[in-house]
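Biologist: Could you take me on a close look at a single part of this model? I'd enjoy one connected walk through it, with the numbers as you go.

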Amino acid sequence: MAESTGSGEVLPTQETYHPNIESYRQVYTESVETPEKFWEKHAQVLDWHRKWDKVLDESNPPFYRWFVGGKLNVSFNALDRHVQGNRRNKAAYIWVAENGDEKIVTYDGLYQRVNSFAKSLMDLGIKKGDRIIIYLPMILEAPVAMLAAARIGAVFSFVFAGFGAGALAERINDSKAKLVITADGAFRGGKIVKLKDIVDEALVQSSTVETVVVVERTKHDVQMQEGRDIWWHDIVGSRITYVEPEWMDATDPLYILYTSGTTGKPKGAVHGNGGYSVWIANTLKWAFNPGENDRWWCAADIGWVTGHSYIVFAPLFLGLTSIMFEGAITYPAPDRMWEIIERYRVNLLYTSPTAIRTLMRYGEKYPEKHDLSSLRVLGTVGEPINPAAWKWYYEHIGKSNSPIIDTYWQTETGGFMIAPPLALGLPPLKPGSGTFPMPGVVPVILDEKGKEIPAGEKGYIAYKRPWPGMFMTLNNDPERFKSTYFTKYPGMYYCGDYAIKDKDGYYWLLGRADEVLNVSGHRLGTIEVEDALISSPEVAESAVFGRPDPVKGEVIVAFVVVKEEHEGNGEVVNSIRKRIRTELGPIYVPEEIHIVKSLPKTRSGKIMRRVVKAVALNQLPGDISTLENSASVDEVKSAIEAFRKETS
Ligand code: WT7
């Protein structure tokens with residue numbers, strides 16, 4: 001299993017990075033001892049239209065507010081100031097399409113596209129504070145739409161284009177979006193995903209959307225609904241338009257990004273304009289130390305927070321040149337990633353442990369075909385990286401010359417929380433550890449009751465102090481914001497992960513402590529899958545959990561009881577799979593679906609997911625004193641044994 005052990009060795013090669021951990025310690029100490037002074041200084045990474053009155057307002061915890069009274073515009077910071085300065089003709093994005101096409105867009109080009117689309121949004125009646133949904137693949141219109149929304153103060157919610165119609169409808173409804181931006185389709189692994197059809201299906205279940213803007217990408221036939229649907233290319237003008245940026249309060253919302261929790265309903269994390277922007281610009285600098293002429297490739301999808309913060313906003317704030325890649329890393333061949341690095345002379349690469357483990361399986365012969373000498377820093381994100389994958393990445397991709405920046409963070413944190421601070425003084429790295437907290441981050445490892453636990457022991461990680469990038473609330477649900485994150489340990493932010501702090505003060509992130517899954521670095525909720533299963537006409541009951549997987553970290557396993565009339569129906573499993581794919585999206589489709597006659601339950605009728613998981617994974621089931629139907633345990637056991645026999 002891809003789990004760090006907390007006992008990793010120190011690599012001998014560190015001298016090559018001129019580690020000066022003392023300078024990091026100084027900066028860190030300043031950040032926790034005089035936080036207001038510290039952030040006053042580091043907020044200068046942005047241009048402010050009006051200076052704040054107060055750096056941090058803690059009067060209404062846990063609703064911490066940063067840079068109160070300050071005004072700024074995110075698109076101005078991403079574009080205007082570079083266009084007015086000396087980055088006008090610098091490439092903002094080198095966009096690489098799945099079929100190998102490329103487009104280079106300069107800061108000036110992006111600025112013009114954003115202004116033009118901002119004007120289109122205004123013409124469509126979108127105003128400051130309105131909510132819009134962006135459901136796009138990895139095409140340039142994605143950052144254009146995000147920045148245009150930010151320019152006029154509309155709050156966007158980007159929905160990953162791999163989500164299905166049910167998940168999309170839920171997000172449209174929760175955010176009360178007036179407008180959806182989508183494409184006819186997306187290219188994925190040589191096939192077309194019909195995004196517009198999915199939007200049409202989602203809109204049957206929602207009533208707030210007045211307009212759908214459709215980007216032409218795959219060029220297959222789509223139905224355009226009169227009075228509602230319009231083509232992107234029909235509304236953006238070719239003339240240069242200027243839209244005055246809306247000067248937003250630092251504490252006005254910038255976007256809502258939905259993420260999974262321990263219930264069936266995703267949580268809409270709300271990020272603001274000011275603190276969030278200060279946080280991501282600084283953390284990108286501190287952890288990766290990008291230079292003016294570097295090429296940065298964050299190989300995530302814009303639909304996840306990694307893409308929001310580190311493909312779109314932070315690199316543009318810093319005026320960097322980014323690679324933006326539409327395709328899949330193994331398509332058309334397993335050296336796709338290495339080929340792009342060679343072709344575009346990428347200097348800083350940021351990807352996931354799942355990607356590394358996937359590519360590692362194909363062997364060194366693929367990276368060896370390419371000149372990777374441009375690489376200087378390698379990053380990872382999304383899940384714990386096992387030491388074997390870390391070392392492979394370090395040796396075969398970085399040629400033992402590039403530090404591995406293992407960044408630990410979450411949708412809610414906005415940006416990196418624990419990561420090697422390359423720009424401030426790099427500590428000796430330990431494969432599998434994110435090393436130390438970013439400035440301003442004060443982690444603590446606690447036991448169940450909130451007592452700090454000794455070095456080297458596993459506990460829950462929590463944070464004692466607010467930091468600027470912290471999400472401001474959950475959309476429509478401030479109570480859930482408080483109860484999910486600030487109740488377990490009063491006065492602290494609890495994030496749902498296990499961690500160890502070792503005797504040298506290094507943090508080892510060990511994955512989720514709750515029933516949330518991490519599949520290929522994507523956070524998925526077990527209960528969301530269970531809800532989709534029992535809404536299938538064939539299914540009566542279900543239990544879903546994660547099984548450790550050597551490549552994806554975890555995969556989804558489902559046990560279901562089918563309704564009597566469907567017993568013996570050979571098509572049930574396929575039909576369930578299809579249902580989950582359209583309802584939630586392909587990433588949610590369980591790797592294994594087992595049919596049983598009954599599931600372990602408590603006397604009060606609650607399904608004991610924990611027991612199903614333990615039995616299926618051949619672990620000790622723990623306390624089973626409340627188990628009502630012990631025969632069901634044997635059912636689970638024989639289902640899994642039959643399955644193993646079949647697949648071995
Ligand atoms: C969860 C957050 C952070 C952007 C992508 C995922 C896990 C994330 C690491 C890491 C160990 C990690 C945690 C966290 N996680 N990065 N470097 N080492 N675990 O964002 O979907 O909000 O998921 O991903 O369990 O809670 P997300």
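Modeller: Happy to! Just after helix α4, G125 takes a positive phi of about 90°; bear in mind that this is a predicted model. Stepping back into the helix itself, α4 covers residues 107-123. Its 17 residues should span 24 Å at 1.5 Å a residue, and because the end C-alpha atoms are 24 Å apart, the expected and modelled spans agree. Now for the side of burial: with buried taken as under 20% relative accessible area, the buried residues of α4 begin with Y107 and D108, then L110 and Y111. Further along, V114, N115, S116, F117 and A118 are buried, as are S120 and L121. A general point helps in reading that list: an α-helix has 3.6 residues a turn, so residues three or four places apart point the same way.

Since you may also care about empty space, let's turn to the cavities. A search of the whole structure finds 3 cavities of 30 Å³ or more, and the largest cavity holds about 120 Å³ of space. Its lining counts 17 residues, of which Y64, W66, P468, M470 and M472 are the closest to the centre. Both β2 (65-68) and α9 (274-288) supply at least two lining residues each, with α9 giving the most, 3 residues. By class, the lining of the largest cavity has 10 nonpolar, 6 polar and 1 charged residues.

Conventions: Residues are numbered from 1 along each chain as its sequence is written. This is a predicted model: local features need pLDDT of at least 70, side-chain atom pairs count only at pLDDT 80 or more; totals for chains, interfaces and linings use all residues. Side-chain values use heavy atoms; hydrogens and water are left out. Helices (H or I, at least four residues) and strands (E, at least two) are DSSP runs, numbered from the N terminus. The expected span of a helix is 1.5 Å times one less than its number of residues. Buried means under 20% relative accessible area, exposed over 50%, partly exposed in between (1.4 Å probe, protein chains only). On a 1 Å grid over the protein atoms alone, a cavity is a set of points where a 1.4 Å probe fits but cannot get out, and a pocket is an open set with protein on both sides within 12 Å along at least five of seven lines; lining residues have an atom within 4 Å of a point. Grid points are joined across faces, edges and corners, and a volume is the space filled by probe spheres set on the points. Ala, Val, Leu, Ile, Met, Phe, Trp, Tyr, Cys and Pro count as nonpolar, Asp, Glu, Lys and Arg as charged, and the others, Gly among them, as polar.
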